[in-house]
Amino acid sequence: MELKEMVKEKGSGRYYIFEGAPGVGKRTMIQAMLRQAFRHQPIMEIKEVVKVFDFKSEMLGSIEVKVKESSHYVEVNMSQTKGFEKQVIVQLMKESQSPLPCNHANCRGIVLCEADQLSNETLMYVKWAIERNKGCSKIFFCCSDASKLLLLSSLCTFVHLSPPSQQEIVEVLGFIAKQQGFDLSKRLAERIADNSKNNLRQAIRSLEASWKKSQLFEEDENKLLTGWEDDIADVAKKIVEEQSPKQ
């Protein structure tokens with residue numbers, strides 16, 4: 001409830017550091033917050049697109065980065081920005097600047113994943129840009145280790161997300177199974193939750209892969225899949241077919 005109220009506040013942009021282990025639900029929580037804040041806007045019509053970032057002052061000129069985007073949301077993984085992290089962040093902030101007073105019509109959420117990979121030089125530049133930011137964006141720095149973002153801590157609201165318990169994962173898996181119209185025993189849900197090591201995203205991936213592989217879902221005979229088997233097989237096949245630095 002406290003987070004819901006914070007993200008609904010009007011006025012200047014707000015900044016957040018979301019800390020938690022991979023798969024704990026940082027982006028899901030952020031999207032839920034923004035869905036509440038922009039409940040009259042198409043916030044969740046998110047698509048993966050290739051976004052071009054133009055750098056007039058850089059020799060490279062521009063870079064292309066895969067982002068997840070909607071009219072009020074943009075998500076960028078900092079590991080994909082090819083060394084131009086600070087330029088990408090500043091450009092995203094500039095895109096939300098408006099001469100109009102800040103409100104939910106001209107505000108959007110900027111989600112920066114793996115933000116703890118940012119260098120101190122970049123963090124100092126971003127801090128400087130944030131302190132002078134006149135835009136309406138709500139910026140979320142997602143990370144696994146918030147201690148690496150201490151330079152921004154005085155400007156951000158800190159949110160720590162703990163891994164879900166096994167029982168919570170079991171309940172989510174049961175809910176998904178019910179929505180999809182198949183039976184999932186508590187024993188099998190507990191096996192999936194245990195194998196996921198408290199990673200909800202992995203548990204859901206495992207449930208989906210195992211169900212697609214064997215829709216009979218006999219828990220005594222069914223071997224649980226992780227969901228990565230086909231991807232690993234595809235990588236292995238490509239390596240065998242072509243042994244080259246490019247491959």
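**Figure 1. Lining of the largest pocket in the predicted model.** Five elements each supply at least two residues of the lining of this pocket: helix 2 (26–37), strand 3, strand 4, strand 6 and helix 7 (200–213). Helix 2 gives the most, with six residues. The pocket is lined by 31 residues in total. Nearest its centre lie Gly23, Lys26, Arg27, Thr28 and Arg201. Sorted by class, the lining has 13 nonpolar, eight polar and 10 charged residues. The volume of the largest pocket is about 860 Å³.

**Figure 2. The open sheet of seven strands.** The strands follow the order 2-3-4-5-6-1-7, and their pairing is mixed. Strands of a sheet pair through backbone hydrogen bonds, either parallel or antiparallel. At the edges stand strand 2 (47–54) and strand 7 (157–160). Each of these has a single partner strand, so one of its sides has no neighbour in the sheet. On average, neighbouring strands are turned by 25° against each other, direction ignored.

**Figure 3. Strands 5 and 6, with helix 3 on the sheet.** Strand 5 (residues 109–113) pairs with strand 6 (residues 138–143) in the parallel sense, over four bridges. One residue to look for is Val111, whose bridge partner in strand 6 is Phe140. Helix 3 (residues 85–95) packs on the sheet and touches strand 2, strand 3 (62–70), strand 4 (73–77), strand 5 and strand 6. The direction of helix 3 makes about 100° with that of strand 2.

**Figure 4. The aromatic pair of Tyr16 and Phe140.** Five aromatic pairs are found in a search of the whole structure. One of them joins Tyr16 and Phe140, and this pair is stacked. The rings are 4.8 Å apart, centre to centre, with 10° between the planes. Tyr16 belongs to strand 1 (residues 15–19) and Phe140 to strand 6, so the pair ties together parts that are 124 residues apart in sequence. Phe140 is also the bridge partner of Val111.

Notes. Residues numbered from 1 in each chain as written. Predicted model: local features only at pLDDT ≥ 70, side-chain atom pairs only at ≥ 80, totals over all residues. Heavy atoms only, no water. Pairing = 2+ DSSP bridges. Axes fitted to C-alpha atoms, helices over the stretch in contact; angles between N-to-C directions. Contact = heavy atoms within 4.5 Å. 1 Å grid on protein atoms, 1.4 Å probe; cavity = no way out; pocket = protein on both sides within 12 Å on 5 of 7 lines; lining within 4 Å. Points joined across faces, edges and corners; volume = space filled by probe spheres on them. Nonpolar A, V, L, I, M, F, W, Y, C, P; charged D, E, K, R; others polar. Phe/Tyr/Trp six-rings, centres within 6.5 Å; stacked < 30°, edge-to-face > 60°.
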